[in-house]
Amino acid sequence: MQHKVTIQQTIHYIEQHLHEALSLESIAAYAGFSKFHFHRLFQKHIGMSATEYVRIRRLANAASLLLHTKERIIDIAFYYQFESQEVFTRAFKKVYHLPPGQYRKIMAAFNQKKEEMKLEKQAKNGWFLSGSHPFHYKIGIDREVFHQGKASGYLKSFTVKDDDEFATMMQQFKADKYRGKRMRLSCFMKTEQVKIFSGMWMRVDSASEDVLQFDNMHNRPIVGNTNWNHYSIVLDVPQNSAIISFGIILTGTGTVWADAFIFEEVDHHVPSTNLEFSFELLDKPTNLHFEEPLEE
């Protein structure tokens, strides 16, 4: 868990310095590790090297600037530490399959209001809106704020009145292929003006809808304004599992973005994050006449 916290702190540092010179040595020094140990640690937790992470984040930010500002391509290239416009163009084309100039021209031609996908109406694409007050929230695709690629998913309060209202952007699927395995769900998340609580969650249910495993990051909430960072949940999928559900949750007001979900098997040396909800089972009925207080 300590390594996970260190990686999150390091990602926060990287996000704050994407427009500055960043070497593996300097990032590892910030994390307090040798560059070789840090490289292995970052790769293990994030699934890519720190150098690759910096590159895709710079390119994602550059793609957003191309679409939503009039900054010159060469200025964007230099701002994100590319040696020249030619180097930037080659790197950008490798990821987005178009040179920056064509990407700006072609993508800007779309009317974003028409292009935006309303996820709550696209159940065939997996995601749907649920919660205690789903009609007080909105979900959708954001093509301006994203971690990598071209878009992220968002969950945003709209007409929320009370702090205990919540909604989730979620998916459900059959547990058949994952029974007996330990699974990790991870993604990158960003928040803005989250007043009460936000996080990622995952639940494993039996066929009778009993909750077998559950984690909603209640013990590590994301609140306020936060930049993109990496979060994960690790749960076992028992043999009697039937349904796996997951998503992002928002309680009260604010906005939360999510991108680059990964659902993967891990070995049992990776600690589970299952939240235990246990209580002591009594030997016999007690306090039947309510002579004793119900709470202490």
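Let's start in the sheet. F128 has M170 as its bridge partner in β4. Keep in mind that this is a predicted model.

F128 belongs to a wider pairing. Strand β1, residues 128-131, lies antiparallel to strand β4, residues 166-174. Four bridges join the two.

Now the other partner of β4. Which way do β4 and β9 run relative to each other, parallel or antiparallel? They run antiparallel. Strand β9 spans residues 241-251, and nine bridges tie it to β4. One of the pairs to look at is T168, whose bridge partner in β9 is I249. So β4 takes part in two pairings here: four bridges with β1, nine with β9. A general reminder while we look at strands: in a regular strand, side chains alternate between the two faces of the sheet.

Next, strand β5. It covers residues 182-194, and S186 sits in it. Is S186 buried or exposed? Buried, because its relative accessibility is 3%, and the cut-off for buried is under 20%. Who surrounds S186? Leaving out residues up to four places away in sequence, S186 touches M200, H230, Y231, S232, A260, F261 and I262.

Now to the helices. The UniProt entry, which is unreviewed, annotates residues 8-106 as "domain: HTH araC/xylS-type". Over that range the chain is 75% helix and 0% strand. The C-alpha atoms at its two ends are 35 Å apart.

Zoom in on helix α2, residues 24-31. I27, A28 and A31 are buried there. Why do these three share a side of α2? Because they cover an arc of only 100 degrees around the axis. What do the buried residues of α2 pack against? Three helices: α1 (2-16), α3 (35-46) and α4 (50-68). Right after α2 comes G32. Its phi is positive, near 85 degrees.

Last stop, A108. This residue is in helix α7, residues 100-108. A108 counts as partly exposed, because its relative accessibility is 47%. The partly exposed class lies between the 20% and 50% cut-offs. Beyond four places in sequence, A108 touches L67 and Y103. And E86? It is 22 residues from A108 along the chain, and their C-alpha atoms are 22 Å apart.

To recap the two single residues: S186 in β5 is buried at 3%, and A108 in α7 is partly exposed at 47%. That's the tour.

Key:
Residues numbered from 1 in each chain as written. Predicted model: local features only at pLDDT ≥ 70, side-chain atom pairs only at ≥ 80, totals over all residues. Heavy atoms only, no water. Buried < 20%, exposed > 50% of the residue type's maximum accessible area, 1.4 Å probe, protein only. Contact = heavy atoms within 4.5 Å. UniProt positions renumbered as here; feature names shortened; annotations may be inferred. Pairing = 2+ DSSP bridges. Arc of directions from axis to C-beta.
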